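Here's a quick tour of a fold, aimed at someone who likes to check backbone geometry and packing before doing anything else. Have a look at the model first.

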Amino acid sequence: MKKTLLISILMMNLVLCSATEPYFRAAWISTVANIDWPSKEAIGNYEQQQSEMIAILDSLQATHINAVVFQVRPTADALYPSELEPWSHWLTGKQGQAATYDPLEFVCTEAHKRGIDVHVWINPYRVTLKTTNIDDIASSHMYNKHPEWFVKYGKQWYYAPHLQETRDFLCKVVADLVTRYDIQAIHMDDYFYPYPIIGEDFPDAEAFAKDSRGFSNIGDWRRDNVNMAIEAVHKTINSIKPHVEFGISPFGIWRNKANDPRGSETAGGLQNYDDLYADILLWMEKGWIDYVVPQLYWEIGKKVADYKTLAYWWAQYASDSCKVYIGMAPFHLGEEKGAAAWREGNEICRQLRLNRTIPGITGECYFRTCDLVNNRCNLTDSLKQVFYPTYVPAPRKENSVIQ
């Protein structure tokens, strides 16, 4: 019995350690609120910012991470020189104040030296956070040029998703990035329509009544607004550099089976389709996106949203035209509150072993980069020694070559 178990463990390690096919091993570098980079101490200090980024990329290279998802448009601003949007205050200390270097160009150059692809992460609609005053945004911001393009929901401001002007401007931002930079993908996360606020509806009922475009249900109309934006971004990228990918990282539940026969065996309260008006499966089926990274930030065995159930559910929709990678949550490891799974052993390692047994899953992405750099609960050691012992390239479209 012991001999059989030992052989099984050795075989598993052999499988994990011998992979040479492209496999997505990525980390999100979050800049909003200076979560991953730059540190608060480095705001406005551009030499320190570059040193910090080099240290991050060196650490990721040593862990055999092959892609970064770099947040360059956190709140309708820019962590790169842009004629369309102001410099981000997360970088310079004041929105609109220019940096003395181009962080995105710097990241592309340094990442590519290390065999790391760069996926540029943008938020399509968000303008402010709850802690940001709209009066503090730069005079050059589009809000001060076209205030009619924006709506307030809760304590935050957003581009109005129903406007053609919003979609057109989003595509201008994407076109600028794809044209000017040697990037491998445009990436959006889960913020489409904002997460619902209890007791407050998103303020677009009047716009729906004025121009419903034939929809009788405001939810269908909202989904169509987002569908048009996703399709437009897809077309924009393909018209400039067809080898550049378009990826989405949605909330982990598309729909619950109780609401849709195609839904997952989950009972979570939030659903992409119904609450964020993001019909991810449609985008996959239409070929508008090249990969999806569902944020499966729950443990194996969680009653309302089981990691294993959801990993299998998303994997069934993987195809040659749309890959499925999994969004992982190392930030939960070692949490004193919450599920015991995150305190006992290493839940991420359990999930990685499960991923290797599910056809259709061809990669992972980790939130947050700082947790990998800091080797939270020894996860990074496990990645180096067991799961990612050698470098493999990230998957890319045909003819995609780092310049």
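Which residue of strand 3 does Ala67 stand opposite? That would be Asp117. Keep in mind throughout that this is a predicted model.

**The barrel**

Let's zoom out from that pair. Eight strands close into a barrel, with parallel pairing, and going round it the order is 1-2-3-6-7-8-9-10. Strand 1 runs parallel to strand 2, and four bridges join the two. To get from strand 1 to strand 2 the chain goes through helix 2, a β-α-β crossover that is right-handed. One pair in this part of the barrel is Ile29, which has Phe70 of strand 2 opposite.

Next around is the pairing of strand 2 with strand 3 (residues 117-122), parallel again, with six bridges. Besides the Ala67 and Asp117 pair, Arg73 has Ile122 of strand 3 as its bridge partner. Strand 3 then pairs with strand 6 in the parallel sense through three bridges, and here Trp121 sits opposite His187 of strand 6. Strand 6 in turn pairs with strand 7 (residues 245-248), also in the parallel sense, over four bridges. Ala185 has its bridge partner in strand 7, namely Glu245.

Here are those pairings side by side:

| Strand pair | Sense | Bridges | A residue pair |
|---|---|---|---|
| strand 1 and strand 2 | parallel | four | Ile29 and Phe70 |
| strand 2 and strand 3 | parallel | six | Ala67 and Asp117 |
| strand 3 and strand 6 | parallel | three | Trp121 and His187 |
| strand 6 and strand 7 | parallel | four | Ala185 and Glu245 |

**How covered are the strands?**

In strand 2 (residues 67-73), seven of its seven residues are buried. Strand 3 is mostly covered as well, with six of its six residues buried. In a regular strand, side chains alternate between the two faces of the sheet, so it's worth asking about each face separately. For strand 3, one side carries Asp117, His119 and Trp121, the other carries Val118, Val120 and Ile122, and all of these are buried. Strand 6 (residues 185-188) can be read in a similar way: Ala185 and His187 point one way, Ile186 and Met188 point the other way, and all are buried.

**Helices around it**

Helix 10 (residues 307-315) is a good one to click on. Its buried residues are Tyr307, Leu310, Ala311, Trp313, Trp314 and Ala315. What do they pack against? The list is helix 9, strand 8 (291-292), strand 9 (323-328), helix 11 and strand 10 (361-366).

The axes of helix 10 and helix 11 (residues 347-355) come within 11 Å, with a crossing angle of roughly 35°. That crossing is right-handed. On the helix 10 side the contact uses Tyr307, Lys308 and Tyr312, while helix 11 brings Gln351, Leu354 and Asn355. Sorted by class, that makes three nonpolar, two polar and one charged residues.

Helix 2 holds Ser59. Is Ser59 buried or exposed? Since the cut-off for buried is under 20% relative accessible area, Ser59 counts as buried because its relative accessibility is 18%. Ser59 and Met328 lie 269 residues apart along the chain, and their C-alpha atoms are separated by 18 Å.

**Backbone oddities**

Most residues other than glycine have a negative phi, and most peptide bonds are trans. With that in mind, three spots deserve a look.

Trp37 and Pro38 are joined by a cis peptide bond, with omega at about -15°. Pro38 belongs to the loop between strand 1 (24-29) and helix 2 (46-62).

Tyr277 isn't a glycine, yet its phi is positive, about 60°. This residue is in the loop between helix 8 (272-276) and helix 9 (280-286). With a relative accessibility of 14%, Tyr277 counts as buried.

Asn375, another residue other than glycine, has a positive phi near 55°. You'll find Asn375 in the loop between helix 12 (369-373) and helix 13 (379-387). How buried or exposed is Asn375? Its relative accessible area is 22%, so Asn375 is partly exposed.

Conventions:
Residues are numbered from 1 along each chain as its sequence is written. This is a predicted model: local features need pLDDT of at least 70, side-chain atom pairs count only at pLDDT 80 or more; totals for chains, interfaces and linings use all residues. Side-chain values use heavy atoms; hydrogens and water are left out. Axes are lines fitted to C-alpha atoms, for helices over the stretch in contact, and angles run from 0 to 180 degrees between N-to-C directions. A crossing is left-handed if the near helix is turned anticlockwise from the far one by less than a right angle, and right-handed if clockwise. Contact means heavy atoms within 4.5 Å. Ala, Val, Leu, Ile, Met, Phe, Trp, Tyr, Cys and Pro count as nonpolar, Asp, Glu, Lys and Arg as charged, and the others, Gly among them, as polar. Buried means under 20% relative accessible area, exposed over 50%, partly exposed in between (1.4 Å probe, protein chains only). Two strands pair if DSSP finds at least two bridges between them. A crossover is right-handed if, with the strands pointing away from the viewer, the path from the first strand over the helix to the second runs clockwise.
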